[in-house]
Amino acid sequence: MEMLGYEFMQRAFWAGGLIGIIGPLLGVYLMLRRQVLMADTLSHVSLAGVALGSVMHLNPALSGFAVAVIGGLVIEQLRRSYRTYSELPVAIIMTSGLALAVVLMSLKQNLSKSFSSYLFGSIVAVSDTQLRIIAVVAAVGLVFFIVLRRPLYNLTFDEETAAIGGVHVGLLSFSFAVLTGMTVAAAMPVVGVLLVSALIVLPASIALRISSGFTAAVLIAIGTGLTGVFSGLTASYYINTPPGGTIALILLVFLLMAIAIQKLIRRRNRKKHS
């Protein structure tokens, strides 16, 4: 393919493939733990980190990465402080991240132009450094989910039972929060800050709707994520659209198709039994 003859497209496909695996996998756990908005919140926190790095003349990708990880830890700590109001920590961190990003952006006149690639994703924005970060995050994430599969499964469905069974609930929850921050920050170059949650949540939404079990949900989520990323990057290259928005729209179409097909199957089953 002519498209893959360009180095920037090769980097984009490698980055997209890695995020297409670890993002939906993380999304399944986030949905089952009822923490879907955490990904969206950390994307806004990561934006503040990018702005901070630009103002302080640091690497924006690395600063965004570090701040997103810290944000994940803060959310988890606040979640434990406000157990009755589980949505409150997300609201606090999201508004704080947005406020900090806006203030930092105002301090540097030419910052808004360079921010478009972080906001909406850009296939030409994936540098070698960012690709290495994504590769490390994907590797760490896969090891995390494979090695800690059983305790994480128990934690996801019932924290109290997991604690009684000997799972270090606090440590595992904080580790999961760190991994979420890492994944969100790593996905920024591909889909952008504003749409990073779409890549994490939409494939998981499709998988949990049509799957018959947990393992099937994980496999369907990863397959959907990879298909959405690769088709979205290809479409954005040929029709010159933002890759983040294109990927998100394709995943949304997949979700609508899954809902429609599932409804048709249910109607057929009802007719057979009637």
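F145 touches I22, L25, L26, Y29, L152, F176 and L179, leaving out residues up to four places away in sequence; touching, or contact, means heavy atoms within 4.5 Å. This is a predicted model, in which local features need pLDDT of at least 70 and side-chain atom pairs count only at pLDDT 80 or more, while totals for chains, interfaces and linings use all residues. Residues are numbered from 1 along each chain as its sequence is written, and side-chain values use heavy atoms, without hydrogens and water.

**Cores.** F145 belongs to the largest nonpolar core, which has 66 residues. F145, L152, F176 and I247 touch the most other members. Helix α9 gives the most to this core, with 12 residues. A second, separate core has eight residues, including L47, V50, M188 and V193. A nonpolar core is a set of buried Ala, Val, Leu, Ile, Met, Phe, Trp, Tyr and Cys residues joined through side-chain atoms within 4.5 Å. Buried means under 20% relative accessible area, exposed over 50%, and partly exposed in between (1.4 Å probe, protein chains only). Helices are DSSP runs (H or I, at least four residues), numbered from the N terminus.

**Helix α7.** In α7 (residues 149-157), the buried residues are L152, L155 and T156. They cover an arc of only 100 degrees around the axis, so they sit on the same side of α7. The arc is that of the directions from the helix axis to the C-beta atoms. Their cover includes α1, α6 (128-147), α8 (159-164) and α9 (169-191).

**Surface patch.** L142, V143, I146 and V147 make a nonpolar surface patch of about 370 Å². Its L142 lies in helix α6 and is partly exposed, at 34% relative accessible area. Patch residues have over 30% relative accessible area and no salt bridge, with nonpolar side chains (Val, Leu, Ile, Met, Phe, Trp, Tyr) joined within 5 Å. A salt bridge is a side-chain nitrogen of Lys or Arg within 4 Å of a carboxyl oxygen of Asp or Glu. Areas come from the Shrake-Rupley method with a 1.4 Å probe.

**Positive phi.** Two residues other than glycine have positive phi.

| Residue | Phi | Loop | Relative accessible area |
|---|---|---|---|
| R34 | about 60 degrees | between α1 (7-32) and α2 (37-55) | 79%, exposed |
| H57 | near 60 degrees | between α2 and α3 (60-81) | 68%, exposed |

**S197.** Is S197 buried or exposed? S197 is buried, at 15% relative accessible area. S197 is found in helix α10 (residues 196-210). Neighbours within four places in sequence aside, S197 is in contact with A39, D40 and L202.

Key: Helices (H or I, at least four residues) and strands (E, at least two) are DSSP runs, numbered from the N terminus. Patches are made of residues with over 30% relative accessible area and no salt bridge: like charges are joined within 9 Å, nonpolar side chains (Val, Leu, Ile, Met, Phe, Trp, Tyr) within 5 Å.
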